[in-house]
Amino acid sequence: LQAYLDRHPSELGIKEQLARALVANKQLIEARKQFLEIHNATPTPTVRMSLGLIDLELNNPSEAEAWIRPLLEEPSLREMAVYYLAQALLMQNQKEAALDLWSKVTGDDYGLDALIWRTQTLFDLNRRDEAFSLAKNFEHRNHNDYARGVRLQVRLYLLLPNPAQALTVFDMAIAQKPEIAEFWRDRANLRYELGDHKGFEQDMRHALSLNDQDADALNALGYFLVENSKSLVEARKLLEKANSLTPNKHHIVDSLGWLSFREGNLKQAESLLDRAYQLQADGEVLAHWLTVLVKMNNQGKAKQLIQTEAIKYPQDKALQQLIQQIQK
């Protein structure tokens with residue numbers, strides 16, 4: 001596209017394609033430059049919206065507001081404009097104005113997202129009763145809406161001093177729709193966070209009985225079996241299936257690496273954990289990788305990783321404790 005534009009700089013349609021490709025590739029500053037050139041040549045509402053969304057991503061809310069506000073008069077873009085204008089106002093700490101705008105968003109495309117933002121903002125304003133009322137009484141149009149609404153209620157309960165109340169939301173959802181595997185999977189993960197490992201295993205196995213193609217559930221149960229020194233044979237079956245369903249997911253490759261470590265295959269473990277970290281830098285993966293390197297007596301590489309990578313995770317207590325042990 002760029003090569004073509006170098007030869008035909010007046011082709012605005014190609015310039016817009018290039019701008020959208022740059023957005024997809026997270027090159028937002030260059031994309032903004034391209035859209036601005038298009039806007040200066042032939043301003044259109046969609047280009048204006050694109051500039052507003054880019055400025056939101058670049059954390060320029062006042063500029064985003066200036067681009068988006070005029071679009072409230074465009075019928076085809078009005079709901080989208082209201083939704084994102086509210087975000088721009090929230091970023092400028094105009095919470096009440098944002099709430100007012102989100103209350104006007106009711107369509108299928110942005111209605112539920114607007115409601116989620118409203119509940120979270122109300123909670124931040126300590127208007128918890130209003131937040132819970134919205135979360136409990138929203139009208140779901142389909143399965144995905146219902147599932148997101150359940151998770152929204154759970155998220156609110158987890159912010160309270162007694163997070164165990166969040167389990168009751170999943171209990172009710174499962175009682176109403178026991179056939180939905182993801183509710184069992186999500187309740188399993190919540191039970192694990194609350195220290196109920198037996199409940200986690202029971203719910204995760206039930207989730208897989210309903211949907212044995214859920215890579216996240218396969219990985220969660222497989223990793224649990226590895227961590228708790230249960231059946232490593234079953235763990236390998238689960239994790240290899242998860243990896244075949246969704247290859248190159250860093251958390252699944254990490255689980256396979258940790259399984260290899262438990263099996264005593266240190267070379268394979270180190271290779272897998274190296275790959276997992278290259279797929280996505282992550283504190284837990286780094287901790288696993290360092291553990292394997294120490295076990296292999298490769299202190300040099302472990303210390304090199306600590307110097308170059310560990311500074312990215314100052315809040316990861318488990319990782320920092322491991323580093324202190326290595327450096328003794």
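Here is a quick tour of this structure, from its overall build down to a few single residues.

What you're looking at is a predicted model. The chain has 328 residues, and its secondary structure comes as 20 helices and zero strands. There are two nonpolar cores to get to know, one of 44 residues and a separate one of 30 residues. There are also two pockets to look at, with about 390 Å³ of space in the largest and about 330 Å³ in the second largest.

**The chain as a whole**

- Measured out along the principal axes, the box that the C-alpha atoms fill is roughly 65 × 55 × 40 Å.
- Of the chain's 328 residues, 44% count as buried.
- The chain exposes about 17,500 Å² of surface, and carbon and sulfur atoms supply 48% of that.
- Take the contacts between residues at least 6 apart in sequence: 44% of them join residues at least 24 apart.
- For a feel of distances, try Glu240 and Gln153, which sit 87 residues apart in sequence and 34 Å apart in space, going from C-alpha to C-alpha.
- Glu240 is found in helix H15, and it counts as partly exposed because its relative accessible area is 41%, between the 20% and 50% cut-offs.

**The nonpolar cores**

- A bit of background: in soluble globular proteins, nonpolar side chains tend to be buried together.
- In this model, the largest nonpolar core has 44 residues, and the ones with the most contacts inside it are Met204, Leu221, Leu286, Trp289, Leu290 and Leu319.
- Eight helices each supply at least two residues of this core: H13, H14, H15 (232-245), H16, H17 (266-279), H18, H19 (299-308) and H20 (317-327).
- H14 has the largest share of this core, with nine residues.
- Leu319 is a handy place to zoom in: leaving out residues up to four places away in sequence, it touches Gly283, Leu286, Ala287, Leu290 and Tyr313.
- The second core is separate and has 30 residues, among them Ala147, Val154, Tyr157 and Leu160.

**A buried glutamate**

- Glu201 lies in helix H13, which runs over residues 197-210.
- Its relative accessibility is 15%, so Glu201 counts as buried, the cut-off being under 20%.
- Setting aside neighbours within four places in sequence, Glu201 is in contact with Leu221, Phe224, Leu225 and Lys230.
- One of those partners, Leu221, is also on the list of residues with the most contacts inside the largest core.

**The largest pocket**

- Rolling a probe the size of a water molecule over the atoms shows where empty space is left.
- About 390 Å³ of space lies in the largest pocket.
- It is lined by 18 residues, and the closest to its centre are Asn219, Ala220, Tyr223, Ser255 and Glu284.
- Four helices each supply at least two residues of the lining: H12 (181-193), H14 (215-227), H16 (250-263) and H18 (283-295).
- H14 gives the most to this lining, with six residues.
- Sorted by class, the lining has six nonpolar, five polar and seven charged residues.

**The second largest pocket**

- This pocket holds about 330 Å³ of space.
- Its lining has 16 residues, and Val23, Ser50, Leu53, Ile54 and Glu57 are the closest to its centre.
- The elements giving two or more residues to the lining are helices H2 (12-24), H3 (28-41), H4 (45-57) and H6 (78-91).
- H4 makes the largest contribution to this lining, seven residues.
- By class, the lining divides into ten nonpolar, three polar and three charged residues.

**Two loop residues with positive phi**

- Lys26 has a phi near 65°, which is a positive value in a residue other than glycine.
- You'll find Lys26 in the loop between H2 and H3.
- Lys26 counts as exposed because its relative accessibility is 68%, over the 50% cut-off.
- Asn126 also has a positive phi, near 65°, and is likewise a residue other than glycine.
- Asn126 lies in the loop between H8 (111-124) and H9 (128-137).
- With a relative accessibility of 55%, Asn126 counts as exposed.

Notes:
Residues numbered from 1 in each chain as written. Predicted model: local features only at pLDDT ≥ 70, side-chain atom pairs only at ≥ 80, totals over all residues. Heavy atoms only, no water. 1 Å grid on protein atoms, 1.4 Å probe; cavity = no way out; pocket = protein on both sides within 12 Å on 5 of 7 lines; lining within 4 Å. Points joined across faces, edges and corners; volume = space filled by probe spheres on them. Nonpolar A, V, L, I, M, F, W, Y, C, P; charged D, E, K, R; others polar. Buried < 20%, exposed > 50% of the residue type's maximum accessible area, 1.4 Å probe, protein only. Contact = heavy atoms within 4.5 Å. Core = buried A, V, L, I, M, F, W, Y, C linked by side-chain atoms within 4.5 Å. Areas by Shrake-Rupley, 256 points an atom, 1.4 Å probe, with all protein chains shown as cover.
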